[in-house]
Amino acid sequence: MGDPRRNLYERYAPIRRPLEVAFWIVLLTLQAVFSTMVAIVDMRTRAVPRPHWEVATWEVSSHLMLLFLVPALVMVERRLSPLVRSHLLRFLAWHAAASAAFSVVHVVGMFGLRALVYAMAGEHYDFGGWVGQWGYEYLKDVRVYVSIVFGIWAYRLFLLRLQGEARVLDVPEEGAVAVPVVAPSPDSAGAGGFEPPAADALPPPPARPERFLVRKLRREFLIAATDIDWLQAEGNYVGLHVNGHDYLLRSTLTDFLTQLDPALFVRVHRSHAVNLARIKEIEPLDGGDARLHMHDGTTVPCSRRYRDALRAGAGSS
């Protein structure tokens with residue numbers, strides 16, 4: 001199935017999180033340094049220049065709060081991105097509310113940091129009636145909010161293209177319709193007035209895909225449904241973990257599981273499901289939870305809520 005060699009995304013995935021954290025730290029640190037230098041030069045033209053430590057405190061406190069808020073903006077972008085396709089007004093309204101909350105936290109946090117630094121220096125920080133001028137602060141913050149959220153969205157879109165997106169290959173034919181159930185006539189009904197429909201009158205069972213077509217780095221190859229080791233909800237996608245490779249399919253985990261064989265695939269967590277045939281070991285944890293060790297070497301969490309379903313599925317497989 002496909003090329004077993006690790007591609008660019010799979011080489012990047014193990015170091016993805018540290019590099020993302022380092023990127024934001026380096027970016028905002030450089031911005032803080034340059035902004036401080038510009039502010040110091042600008043301060044020389046003022047009638048009443050301020051000490052360099054004060055200027056540095058203003059700029060560093062602002063950028064430090066921005067760094068602190070980046071994870072929150074990542075969650076905002078992830079949660080709101082599915083809305084834009086069908087609920088544009090709701091999408092814009094939620095972003096407006098999120099940007100206002102972002103600005104409030106940013107302003108309160110940076111002013112608090114400034115007050116702390118001033119107190120340590122034996123000075124008093126003058127807030128300057130910022131509550132009445134918050135509109136001015138918001139106009140600056142909303143530009144930062146839009147820039148960061150857009151950057152996160154563009155980066156996530158690039159990763160999706162790099163990772164590859166799967167789609168169901170075996171889909172029902174467009175002309176296929178369910179066989180209608182014919183109501184029995186009173187003459188053919190039993191004593192209870194109703195006779196069960198014949199087996200051939202029942203609607204067919206839902207079609208389950210057997211293969212998936214994956215497009216990845218301008219290459220196409222097939223994945224068998226039975227080759228999926230485990231699944232993970234990733235926003236409005238489902239991550240398919242297959243023999244050490246990761247692929248995405250546009251669906252929710254709940255909807256996608258209805259297309260798979262329930263005797264083989266079982267949900268074990270709010271955001272995880274597993275192929276029962278791929279479980280190597282079940283490790284019980286405190287509180288009733290468990291950790292599933294898969295044959296591919298990975299581990300999958302199993303919450304106490306789904307332990308019974310796992311036992312029932314394992315007993316029937």
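In this predicted model, helix H2 passes helix H5 in a right-handed crossing. The axes of H2, which covers residues 16-43, and of H5 come within 14 Å and cross at roughly 155°. An angle over 145 degrees counts as roughly antiparallel, and H2 and H5 are therefore roughly antiparallel to each other. On the H2 side the contact is made by Arg-16, Glu-20 and Trp-24, and on the H5 side by Ile-148, Ile-152, Tyr-155 and Leu-159. In an α-helix there are 3.6 residues a turn, so residues three or four places apart point the same way.

Helix H5 also packs against helix H3. The axes of H3 and H5 lie 10 Å apart, at an angle of about 55°. H3 and H5 are therefore oblique to each other, and H3 passes H5 in a right-handed crossing. From H3, the contact involves Leu-66, Leu-73, Val-74, Val-76 and Glu-77. From H5, Val-144, Tyr-145, Ile-148, Val-149, Ile-152, Trp-153 and Arg-156 take part. Ile-148 and Ile-152 are listed in the contact with H2 and also in the contact with H3.

H5 itself runs over residues 134-163. At 1.5 Å a residue, its 30 residues should span 44 Å, and the C-alpha atoms at its ends are 42 Å apart, which agrees. Buried positions in H5 include Glu-137, Tyr-138, Asp-141 and Tyr-145. Ile-148, Val-149, Ile-152 and Arg-156 are also among them, as are Leu-159, Leu-160, Leu-162 and Gln-163. Ile-148, Ile-152 and Leu-159 are thus buried and belong to the contact with H2. Tyr-145, Val-149 and Arg-156 are likewise buried and belong to the contact with H3.

Glu-137 is one of the residues of H5. Its relative accessibility is 12%, and Glu-137 therefore counts as buried, the limit for this being under 20%. Leaving aside residues up to four places away in sequence, Glu-137 touches Ser-103, Val-107 and Met-110.

A further helix pair is formed by H3 (residues 52-80) and H4 (residues 88-120), whose axes come within 8 Å and cross at roughly 150°. That angle makes H3 roughly antiparallel to H4. The crossing of H3 and H4 is right-handed. For H4, which has 33 residues, a rise of 1.5 Å a residue gives an expected span of 48 Å; the end C-alpha atoms are 48 Å apart, which agrees. H4 is followed by Gly-122, which has a positive phi, near 75°. Another glycine, Gly-112, is found in H4. Gly-112 has a relative accessible area of 38% and is therefore partly exposed. Its C-alpha atom is 9.5 Å from that of Phe-127, a residue 15 places away in sequence.

The largest nonpolar core contains 18 residues. Among these, Phe-212, Ile-228, Leu-231, Leu-240, Tyr-247, Phe-256 and Leu-260 touch the most other members. At least two residues of this core come from each of strands E2 (211-216), E3 (219-224), E5 (237-242) and E6 (245-249), and likewise from helix H6 (253-257).

Leu-249 is located in strand E6. With a relative accessibility of 5%, Leu-249 counts as buried. Leu-249 and Ala-233 are 16 residues apart in sequence, and their C-alpha atoms are separated by 9.9 Å. Gln-259 lies in the loop between H6 and strand E7 (265-269). The relative accessible area of Gln-259 is 26%, and Gln-259 is therefore partly exposed. Along the chain Gln-259 is 50 residues from Pro-209, while the C-alpha atoms of these two residues are 6.8 Å apart.

For the protein as a whole, the secondary structure comes to seven helices and 11 strands. The protein has 317 residues, of which 34% count as buried. Of the contacts between residues at least 6 apart in sequence, 56% join residues at least 24 apart.

Notes. Residues numbered from 1 in each chain as written. Predicted model: local features only at pLDDT ≥ 70, side-chain atom pairs only at ≥ 80, totals over all residues. Heavy atoms only, no water. Helix = DSSP H or I, 4+ residues; strand = E, 2+ residues; numbered from the N terminus. Expected span 1.5 Å × (residues − 1). Buried < 20%, exposed > 50% of the residue type's maximum accessible area, 1.4 Å probe, protein only. Core = buried A, V, L, I, M, F, W, Y, C linked by side-chain atoms within 4.5 Å. Contact = heavy atoms within 4.5 Å. Axes fitted to C-alpha atoms, helices over the stretch in contact; angles between N-to-C directions. Parallel < 35°, antiparallel > 145°, perpendicular 65-115°, else oblique. Left-handed = near helix turned anticlockwise from the far one by under 90°.
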